[in-house]
Amino acid sequence: MAFSKYLRCRLPVLLFVFQGVLLLIFVLFTTYDGHTDAASQPSDVDPAGNQLYAFFSLFQDIQLMLLVGLGLLLAFMKGYGVSAVAYNFLLSNFCMQWALIVQGFIYHYHEGKIHLGLYNLLTAEFATVAVLISAGAILGRTSPIQLLLMAVDIGGSVTVHVFSCYFGLGASIALYRSGLQTGHPKETPSYISDLLSLVGAIFLWVFWPSFVSVLVHPGDGQHRAVLHTWVALSASVLTTFAISSLLEKKGKVSMGHLQNATLAGGVAIGTVADMAINPGGAFLLGILSSLACILGFKYMTPFLANKLRIQDQCGIHNLHGLPGIIGAVAGIATILLVPDEAYGHQLYHKDTGNTETAWKDGLMVDRTTWGLKSWAKWSTWVREEEKFIPSVGL
Amino acid sequence: MAFSKYLRCRLPVLLFVFQGVLLLIFVLFTTYDGHTDAASQPSDVDPAGNQLYAFFSLFQDIQLMLLVGLGLLLAFMKGYGVSAVAYNFLLSNFCMQWALIVQGFIYHYHEGKIHLGLYNLLTAEFATVAVLISAGAILGRTSPIQLLLMAVDIGGSVTVHVFSCYFGLGASIALYRSGLQTGHPKETPSYISDLLSLVGAIFLWVFWPSFVSVLVHPGDGQHRAVLHTWVALSASVLTTFAISSLLEKKGKVSMGHLQNATLAGGVAIGTVADMAINPGGAFLLGILSSLACILGFKYMTPFLANKLRIQDQCGIHNLHGLPGIIGAVAGIATILLVPDEAYGHQLYHKDTGNTETAWKDGLMVDRTTWGLKSWAKWSTWVREEEKFIPSVGL
Amino acid sequence: MAFSKYLRCRLPVLLFVFQGVLLLIFVLFTTYDGHTDAASQPSDVDPAGNQLYAFFSLFQDIQLMLLVGLGLLLAFMKGYGVSAVAYNFLLSNFCMQWALIVQGFIYHYHEGKIHLGLYNLLTAEFATVAVLISAGAILGRTSPIQLLLMAVDIGGSVTVHVFSCYFGLGASIALYRSGLQTGHPKETPSYISDLLSLVGAIFLWVFWPSFVSVLVHPGDGQHRAVLHTWVALSASVLTTFAISSLLEKKGKVSMGHLQNATLAGGVAIGTVADMAINPGGAFLLGILSSLACILGFKYMTPFLANKLRIQDQCGIHNLHGLPGIIGAVAGIATILLVPDEAYGHQLYHKDTGNTETAWKDGLMVDRTTWGLKSWAKWSTWVREEEKFIPSVGL
C-alpha cells in the first residue's frame with residue numbers, strides 16, 4: 001500500500017524529468033531530415049515525391065491500431081477500462097518519444113544532430129508496439145510508473161536481453177505479490193467491456209495488413225504482404241470460431257480466444273509476408289497459428305500459472321510466442337523451398353550488391369531472427385521472472 | 001431446442017470442413033496475379049504504379065465499414081451486441097473467402113490457377129456486403145450456421161434468384177416459428193447499445209463515399225462519385241431529422257430512423273454516382289430516398305409484419321429496397337435526360353469500342369439492372385418467404 | 001417549458017425550409033469544378049493527377065474526427081451521450097451544407113454557378129469545425145434548434161464578429177436561465193461515458209496531424225506539419241499526465257484534463273505547423289499549451305463561472321482560447337527569429353510574386369491573425385454574453 005502510494009506520487013516527477021530532458025534533447029540535438037528540410041529541397045523538387053505520401057496513411061492506420069484498437073482490447077476488464085485506455089495512451093507516447101531519441105542517436109545522428117521525419121515516427125511506432133504487447137502480460141497489476149519502466153528498451157533489434165533485464169526489474173519485482181493468484185477484485189469482465197474489447201480486436205484485425213506491409217519494399221512485395229496477411233488473418237478467424245466452439249462449454253465461442261487467436265495469423269505471417277509463399281501458404285499459416293494460440297490458452301496458460309507460477313494476464317505467450325515460432329519455421333522453410341526464380345530479377349539488385357549465396361544466407365538469418373524474437377522475448381522474460389520469484393513471492 | 005442444439009454442434013464441423021476444403025483449393029489452385037507476382041515484373045517496373053496504391057486505403061475504409069460500422073450498427077439489441085459483432089466478423093470472413101474462390105474460378109481462372117491480388121479481395125468484399133445486409137433482416141433470430149448458409153450466394157451479379165432459393169432454405173424454414181411476433185426477450189434496446197449502434201451508423205456514413213467510388217473509373221468520374229455521395233448522404237441526414245421529429249411522439253428523433261434513413265441517399269446514389277447528375281440531382285436523391293425509407297419504416301414494415309407476416313428485423317426493405325428503386329429510376333432518367341456532351345470525349349473511348357447507340361443502350365441496361373437488383377433481392381425473398389410460411393408457421 | 005416546446009416543434013419546420021431552399025440553390029446554382037467536370041477534361045488527362053487523390057484520405061480522416069471523435073468526446077455526460085452524438089451529426093451536416101453554399105457564392109461563383117468539388121467539401125469541413133467547437137461550450141443546455149442557430153456564421157475568415165452576434169442571439173438569450181449554475185440533473189458522468197469520451201479524444205488526437213496538414217502546401221511543408229503536430233501532441237500527452245496527477249486528489253489523472261489538454265499542442269501548433277520551428281520548437285509548444293490548458297481548467301473556469309457567470313461547459317476557452325494565444329505568439333516569434341535561409345528557395349517563388357519584405361509582412365499578418373482568431377472568437381463571445389446577461393438572467 002505504502003509502496004504503491006510511493007510509486008504514484010513519483011509519476012508526475014518522473015514525467016516532468018523525462019519531458020524536461022527530452023525538451024533539452026529536442027531543442028539541442030534534433031533537426032529535419034532530407035524530406036522535411038525546406039532548405040535542402042532542389043528548386044525543381046516534385047512535391048508528390050516526398051516520402052510523406054508513401055507512409056502517412058499507413059502511419060495513421062497503425063496509430064489507430066495502437067491507441068484505439070489496443071486501448072479498447074485492453075479494456076476487457078470491467079473497472080479497468082478507462083485506466084487501460086488512458087495508460088495505453090500515456091505509455092505509447094512515452095515509448096515513441098524515447099524511441100525517437102534512442103533510435104535517432106544510433107541510426108540518424110550525423111553532423112551533431114538527429115535528423116527527423118515521418119520515417120522516424122514510423123520506426124518508433126514499431127518499437128512501441130513491442131512494449132505495449134509486453135504490457136498486456138501484467139495489465140491490471142501495474143501502476144503507471146511500472147508500465148513506463150517497461151518502455152526503456154526500444155533502441156534496436158538486438159536489445160532483447162537488455163529488455164528482459166529491465167522487464168524483470170520493472171515488472172516482476174514490483175508485481176509478484178503473494179496471494180495474487182486469487183485474482184484481483186476488479187478483474188470480472190462485463191458485457192459492455194467484452195463488446196468494446198471485441199471492437200478493439202477488430203480494429204487491430206482490420207489494420208494489421210497496414211502494420212505488416214508498411215516497412216516492406218514498395219510495389220509487388222508490399223502488395224504480396226497485404227494479400228498474405230489478409231488471407232492468414234481470415235483463415236485464423238474461421239479456425240478460431242471452429243476450435244473455440246468445439247472446446248468451450250455449450251459450443252459458445254470464448255471471448256478471450258476471439259480477441260487473440262483471430263490475430264495469430266497476422267503474427268505468424270510477419271516473417272514471410274513479402275516472400276513467395278503463395279496464398280495457400282498464408283492460409284496454412286493462418287490455420288496453424290490460431291490453432292496453436294487456442295491450444296496454448298486452453299492447456300498451456302493454466303499449466304504455466306499453476307505449475308510455474310507465471311501469470312500471463314493477456315496470454316501474450318499464446319498470441320506472440322507460439323505464432324512467432326511458427327513464423328520462424330515458416331521463414332526457414334520458405335527460404336529453403338521456394339526457388340529463386342519466384343522473385344524474378346528484383347531482389348538481387350535492389351539493395352544488395354552481394355553474391356547470390358551471401359544474399360540468401362543473410363536473408364535466412366534475418367528472417368529466422370525476426371521470427372524467433374517474439375518467442376525469445378517471452379522466453380527470456382520467463383527466465384527472469386523465475387529468477388525473481390524466490391525473493392518476491394514470500 | 002433440440003433443433004437449435006443440433007445446429008450449434010454442427011458449427012465447428014461446418015467450419016472445419018469449409019477451412020479444409022478451402023485450404024486444399026488455396027494450395028492447389030491459387031497463385032499471384034500480375035501485380036503480386038515478383039517473377040513477372042519487368043526489371044524497370046515503377047513500384048509506385050502497382051495496383052495496390054489505387055485501392056488499399058479504400059479497401060481498408062470498407063473493411064472498417066463492414067466490421068466496425070456494420071458490427072456496431074447490428075449491436076442495437078441489448079444482450080445481442082457481442083454476438084452481433086462477433087457473428088458479423090465470422091460471416092464476413094466466411095463470405096469473403098467463399099467469394100474469392102467462386103469469383104476466382106469464374107473470372108480469374110486461367111492456366112489451371114486462380115490469380116489473386118488486392119482487386120480480388122475488393123470484389124469479394126462487395127459480394128460480402130450484399131450478404132451482410134440480408135443478414136440484418138433476420139438478426140437475433142439466427143444461429144451462426146443459419147447466417148453462414150446465407151453466404152453461399154456471392155458468385156456474380158446474376159445470381160439473385162439462386163440467392164433467394166438458399167435464403168428461403170437457410171433463413172425462412174429455420175426461423176419462422178409461431179409466436180415469433182411477440183418479440184424475443186433479449187430484443188429490448190438499451191441506452192448504451194443505442195449509442196454504439198449510432199456510432200456504427202456514423203462509421204458507415206463516413207466511409208460510404210469510399211464504398212461507392214472505389215470501383216468507379218479513376219479521375220474525374222471517381223471525384224464526381226465522392227461529391228455526389230457526400231451531397232446525397234448529407235441531404236438524407238437533415239431530411240431524416242426533419243421527418244422523424246415530425247412523425248414521432250414529442251418530436252423526438254427515432255433511433256431506428258437515424259440508423260437507417262441517414263444512409264438511404266448513399267444507397268440510391270449507387271446507380272448514378274459517376275454520371276453527370278449535377279450536385280442538385282444528388283441532393284434531390286438524398287431527400288427522396290430518406291423520405292421513402294422513413295415512410296417505409298412507419299407504415300410499410302408494420303403492414304408487412306401484421307398482414308403478410310414478414311418480419312423485416314432491421315428494415316432492410318426500407319434501407320435497400322425502396323432507395324434501390326429510386327436509384328433505378330434515377331439511373332434511367334439520367335441516361336435519358338443528360339446529354340452526351342456532359343461526358344466530353346472520355347466515356348466513348350475508354351473501355352468500349354461500341355458505337356454511340358450501343359454504348360448508351362448497354363449503359364441503360366447496366367444501370368437499371370444495378371438499381372433494380374436490391375429491390376429484386378428483397379422482393380424475391382418475400383415471395384420465397386411466403387411460399388414457406390404455410391409449412392413452417394404451424 | 002412552453003418556450004422549449006415551441007422551439008422543438010419548430011425543428012422539422014426549420015429543417016424542411018432549409019432543405020427546400022438548399023435544394024433550389026443546389027439545382028439552380030451549382031455545377032462541377034475543373035476536377036469533377038467530365039466535359040472539360042482534355043483527352044489525354046492523367047486520371048491519377050486528379051485533385052481527389054491529394055485530399056480524399058485526409059478528408060475522410062477529418063470526417064472521422066468530427067463525427068466519431070468529437071461525437072464521442074461530447075458523450076461525456078451520462079444521459080446525453082446519444083443526443084450529443086446525434087446532434088453533433090445533424091449540426092455538422094447543417095454547417096457543411098451551409099458553408100458549401102456561402103463559401104461557394106463568395107469564392108467559387110462565376111458564370112452564374114457555384115463550382116463544386118472535393119476541395120469545397122474540405123473548406124466547408126473546416127468552417128464546421130469552428131462551429132462544433134463553439135457548440136461544446138453550451139452542450140447539454142441546448143435544443144437542436146439552438147445548436148443550428150450557431151451554424152449560420154461560416155462564410156469566411158473575417159466573420160468573427162458576425163459570429164459573435166448570432167452566437168449571442170442563438171446561445172445566450174435562450175440558454176442563460178436563472179438557477180443554471182446548480183447543474184443539470186443529467187450531467188453526472190458515468191464510467192462507460194468516460195471510456196467512450198476518452199476513445200473520442202483519442203480519435204481526435206490520432207487524426208489531428210491530418211487536420212493540421214491538409215491545407216498546407218504539398219511536399220516538405222506538409223511533411224513538416226505532420227512531424228511538428230505529432231511532436232507537439234505527444235509532448236502534450238505526457239505533460240497532461242504529469243500536471244494533472246500533480247494537481248488532482250490522490251494523484252489520479254482527471255478525465256477532463258485528459259480529454260482536452262492532450263489536444264492543446266495540436267491547437268497551438270496550427271499557426272506555425274509548416275514553418276521551420278524545428279522539432280524542439282514543437283515540443284516546447286506542446287508542453288506550454290497543455291500546461292496553460294490545465295491551469296485554465298483548474299483556476300480560470302471556476303473563476304469565470306463564479307465571478308463572471310460564464311459557464312464554459314466543455315472548457316473551450318482552455319482548449320482553444322489559451323493555446324490559440326500561445327500559437328499566435330509562436331507565429332510572431334518564428335517569423336522574427338527564423339532566418340529566411342531555412343526555407344531555401346521555395347517559399348518566395350511558389351505563390352507570391354512579392355518582394356521579400358512584402359512577403360514576410362504578409363506572412364506575419366496572416367499567421368498572427370490565424371492564431372489570434374480562436375482567442376478572439378471566444379473573447380468576443382464573452383463580451384456578447386456579458387451584454388445579454390442583464391436582460392436574460394432575471
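Student: Is C:Ala84 buried or exposed, and how do I read that?

Tutor: The general idea is a cut-off on relative accessible area: a residue counts as buried under 20%. This is a predicted model, and in it C:Ala84 has a relative accessible area of 6%, so C:Ala84 is buried.

Student: Where does C:Ala84 lie, and which residues does C:Ala84 touch beyond its neighbours in sequence?

Tutor: C:Ala84 is placed in helix H3 of chain C. With neighbours within four places in sequence left aside, C:Ala84 is in contact with C:Leu74 and C:Ala75. There is also a C-alpha separation to read: C:Ala84 and C:Leu72 are twelve residues apart along the chain, and their C-alpha atoms are 7.9 Å apart.

Student: Which helix holds C:Ser92, and is C:Ser92 buried or exposed?

Tutor: C:Ser92 is in helix H3 of chain C, which covers residues 81-107. The reading goes as before: the relative accessibility of C:Ser92 is 3%, so C:Ser92 counts as buried.

Student: What does the side chain of C:Ser92 reach?

Tutor: The partner is a backbone atom: the side chain of C:Ser92 reaches the backbone oxygen of C:Phe89, at 3.1 Å. Contacts are a separate reading. Not counting residues up to four places away in sequence, C:Ser92 touches C:Leu67, C:Thr128 and C:Leu132.

Student: Now salt bridges. How many are there over all chains?

Tutor: The test is a distance: a side-chain nitrogen of Lys or Arg within 4 Å of a carboxyl oxygen of Asp or Glu. Searching the whole structure gives three salt bridges over all chains.

Student: Which residue forms a salt bridge with A:Asp220, and at what distance?

Tutor: The partner of A:Asp220 is A:Arg224, with the closest N and O atoms 2.7 Å apart.

Student: How are A:Asp220 and A:Arg224 placed along the helix?

Tutor: They are four residues apart in helix H8 of chain A, residues 220-247, and therefore about one helical turn separates A:Asp220 from A:Arg224.

Student: Is A:Asp220 buried or exposed, and what about A:Arg224?

Tutor: A:Asp220 has a relative accessible area of 4%, so A:Asp220 is buried. A:Arg224 is at 4% relative accessibility, so A:Arg224 counts as buried too.

Student: What do B:Asp220 and B:Arg224 do in chain B?

Tutor: Their side chains meet in a salt bridge, 2.7 Å from N to O. B:Asp220 and B:Arg224 are four residues apart in helix H8 of chain B, so about one helical turn lies between them. Both B:Asp220 and B:Arg224 are buried.

Student: And what about C:Arg224 and C:Asp220?

Tutor: C:Arg224 forms a salt bridge with C:Asp220, and their closest N and O atoms are 2.7 Å apart. Both of these residues, C:Arg224 and C:Asp220, are buried. In helix H8 of chain C they are four residues apart, which means a separation of about one helical turn.

Student: Next, the interfaces. How is the size of an interface given?

Tutor: Often as the accessible area lost when the parts come together. Chain B and chain A bury about 4800 Å² between them, with 77% of it on carbon and sulfur atoms. In chain B, the residues that lose the most area to chain A are B:Tyr32, B:Val82 and B:Phe89, together 14% of what that side buries.

Student: How many residues are in contact between chain B and chain A?

Tutor: 57 residues of chain B are in contact with 57 residues of chain A.

Student: How many salt bridges and polar contacts cross from chain B to chain A?

Tutor: There are zero salt bridges across this interface. Polar contact is found for 13 residue pairs between chain B and chain A, both residues being at pLDDT 80 or more.

Student: Which elements of chain B supply the side that touches chain A?

Tutor: Among those giving two or more residues are helix H1 (2-29), strand S1 (30-32) and helix H3 (81-107) of chain B. H3(B) supplies the largest share of that side, twelve residues. By class, the side of chain B that touches chain A has 39 nonpolar, 16 polar and two charged residues.

Student: How do I read the interface of chain A and chain C?

Tutor: Start again with area: chain A and chain C bury about 4800 Å² between them, 77% of it on carbon and sulfur atoms. A:Tyr32, A:Val82 and A:Phe89 lose the most area to chain C on the chain A side. Contact joins 57 residues of chain A to 56 residues of chain C. The salt bridge count between chain A and chain C is zero.

Terms used. Residues are numbered from 1 along each chain as its sequence is written. Chains are lettered from A and ligands numbered from 1 in the order in which they are written. This is a predicted model: local features need pLDDT of at least 70, side-chain atom pairs count only at pLDDT 80 or more; totals for chains, interfaces and linings use all residues. Side-chain values use heavy atoms; hydrogens and water are left out. Contact means heavy atoms within 4.5 Å. Buried area is the accessible area (1.4 Å probe) that two parts lose on being put together, summed over both. A polar contact is a pair of N or O atoms within 3.5 Å; within protein, one must be able to donate a hydrogen and the other to accept it, and residues adjacent in sequence count only if both atoms are side-chain atoms. Ala, Val, Leu, Ile, Met, Phe, Trp, Tyr, Cys and Pro count as nonpolar, Asp, Glu, Lys and Arg as charged, and the others, Gly among them, as polar. Buried means under 20% relative accessible area, exposed over 50%, partly exposed in between (1.4 Å probe, protein chains only).
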